[in-house]
Each structure stands twice: as C-alpha cells, then as structure tokens.
Amino acid sequence: MPVTINGTSGLVTATSYAGSGGNLTGITTGKILQVQSSIKTDTASFELSAGYFSSSSQTGIQVSITPSSSSNKILLFGMINVDVAGEQYNIGVVFDKAGSIISGATGDASGSRKRLTATGDGSRTSQYSETINVHYLDTAGGTSAITYGLVVNNPSSISRICYINRSTNDADDVYHKRVASSITAMEVAV
C-alpha cells in the first residue's frame, strides 16, 4: 500500500489497489480534519452542593467545534487541575456536550454508585491540586457548533468549594502553584 507524507502539512495519504483491475481507491477515513483547543490559565472557584456536578461554564474549561459531517468522530483530550475544600480524595471528572454529561464516557451504571470518567488519585494535601487527564471518542451527531467541556463532581456529603488551577490552601509562597487546564477536540473523518 503506497503511503505519501506531505512534508509541509504532515498529512499522511494512503492508497490501495482494489480488485483485479488495479483500480485506485483513496482512503479518506481516519484523517484529522480540524483541531480546536482551549487552555485555561487563570483560576476559578465555586460552591458545589453535596454530590452534585458543576457545569463546564463554572470550571471554565470549554472548547467549541463545528463538525463537517454528523457521522464524523470527535476525539477529546482533557486535563483539569482541581481541588475541593476538605481534602477530598475522589474528585470526579466527566466530559459534557452542549451542557449534558456524555454518559458513554462514564463507567457503567451500578446501583447508586456515581458514574464518572475519572477520579483523582488521592495522593495530595491541601497544598496541591489534583491533575486529572481524560479522553474520549465521541460521534459528532450534527453539523452545528458543539461545545464540549470538563465538569467536576463534589464527592462530599456536604457542600464544598471547588478550585480550578489552584489548591485549597493558596498561600503566596514557592510551595504553592498556579497551573493550567486544557481541552482539545479533533474532528476525525469516518
């Protein structure tokens, strides 16, 4: 199968021969058609009720993409730095699409257990925020602009303050950090 790599754009094109007549068939599936990315470098904080999910407008980690075909895939990559007051060790993160949690990107339903994409690793104190990485392959489902975002879950039984890109204990010294969170959406041809 001949493969051509465009040195300028990095686009990889493969062709194959089909049938005994040697007809060329161009392969177009799997191409990355566009990449949209957003980075949040400032901080945010908000109160979140017990067991509730935030919105992606509260976290401020959102990206918009307009697919060229409803059947194309959207490959999502997200990284969020989050802390919840009270040193919570199982902070949950999910993707949302147009304001609704993407259930296909969460664990299976099982009784009253919370369905999440990922949780924090539990290895931090109030001096550090947790860095949680997530990814998911979604189906566009339309050709209008779609806003994807990262949403956090308060794992506590009481209301808590959530912090994005900073820790709960935010003293002004070299032991405390300012970090960035990001989300990327890539349209993949199918």
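Ser 167 is a good place to start: look for it in the loop that connects β13 and β14. Although it belongs to a loop, Ser 167 counts as buried, because its relative accessibility is 2%, and the cut-off for buried is under 20%. Its side chain has a polar atom 2.6 Å from the backbone oxygen of Asn 169. Keep in mind that this is a predicted model, so a distance like that one is computed from predicted coordinates.

Stay with this stretch of chain for a moment. Arg 166 and Asp 170 meet through their side chains in a salt bridge, at 3.9 Å from N to O. The pair belongs to a network in which salt bridges with shared partners tie together Arg 166, Asp 170 and Arg 178. Arg 166 is buried, because its relative accessibility is 16%. Asp 170 is partly exposed, with a relative accessible area of 27%.

How far can you trust the model overall? Mean pLDDT for the chain is 86, and 81% of the residues reach 70 or more. The stretch to be careful with is residues 15-24, where pLDDT stays under 50. The model does have 16 contacts beyond four places in sequence for those residues. Still, where pLDDT is low, the predicted coordinates should not be read in detail.

Now move to strand β8, residues 92-97, which makes a handy hub for the tour. Five of its six residues are buried, so this strand is mostly covered. Which strands does β8 pair with? One partner is β12 (residues 146-153), joined to β8 by six bridges and running antiparallel to it. Here Phe 95 stands opposite Leu 150. Another partner is β10 (residues 118-119), antiparallel again, with two bridges; on that side Val 93 stands opposite Ala 118. Then there's β9 (residues 100-101), also antiparallel and also paired over two bridges, where Lys 97 has Ser 100 as its bridge partner.

That last pairing is a hairpin, with two residues between β8 and β9. Ala 98, in the turn, has a positive phi of about 55 degrees. Gly 99 lies in the loop between the two strands as well. Is Gly 99 buried or exposed? It counts as exposed, because its relative accessibility is 63% and the exposed class begins over 50%. The C-alpha of Gly 99 is 7.1 Å from that of Ser 55, a residue 44 places away along the chain.

At the β8 end of the hairpin, Lys 97 has another tie. It forms a salt bridge with Asp 138, with the closest N and O atoms 2.9 Å apart. This one links distant parts of the chain, joining β8 to β11 across 41 residues of sequence. The two ends differ in class: Lys 97 is partly exposed, because its relative accessibility is 22%, whereas Asp 138 is buried, with a relative accessible area of 8%.

Lys 97 also turns up among the contacts of Thr 147, which sits in strand β12. Beyond its neighbours within four places in sequence, Thr 147 touches Gln 62, Val 63, Ser 64, Asp 96, Lys 97 and Ala 98. Gln 62 is 85 residues away along the chain, yet the two C-alpha atoms are separated by 6.6 Å. Thr 147 counts as partly exposed, because its relative accessibility is 33%.

Next, the interior. In soluble globular proteins, nonpolar side chains tend to be buried together. Here the largest nonpolar core has 29 residues, and the members touching the most others are Ile 80, Phe 95, Tyr 148, Leu 150 and Val 152. Which strands supply at least two residues each? They are β5 (44-48), β6 (62-65), β7 (73-84), β8, β11 (130-139), β12, β13 (160-164) and β14 (181-188). Of these, β7 gives the most, with five residues. Phe 95 and Leu 150, the pair that stand opposite each other, both appear among those best-connected core members.

To finish, one more charged pair. The structure holds four salt bridges, and one of them joins Lys 40 to Asp 42, with the closest N and O atoms 2.7 Å apart. Lys 40 is buried, with a relative accessible area of 10%, while Asp 42 counts as partly exposed, at 43% relative accessibility.

Methods. Residues numbered from 1 in each chain as written. Predicted model: local features only at pLDDT ≥ 70, side-chain atom pairs only at ≥ 80, totals over all residues. Heavy atoms only, no water. pLDDT = per-residue confidence, 0-100. Contact = heavy atoms within 4.5 Å. Buried < 20%, exposed > 50% of the residue type's maximum accessible area, 1.4 Å probe, protein only. Helix = DSSP H or I, 4+ residues; strand = E, 2+ residues; numbered from the N terminus. Pairing = 2+ DSSP bridges. Core = buried A, V, L, I, M, F, W, Y, C linked by side-chain atoms within 4.5 Å. Polar contact = N/O pair within 3.5 Å; in protein donor to acceptor, adjacent residues only side chain to side chain.
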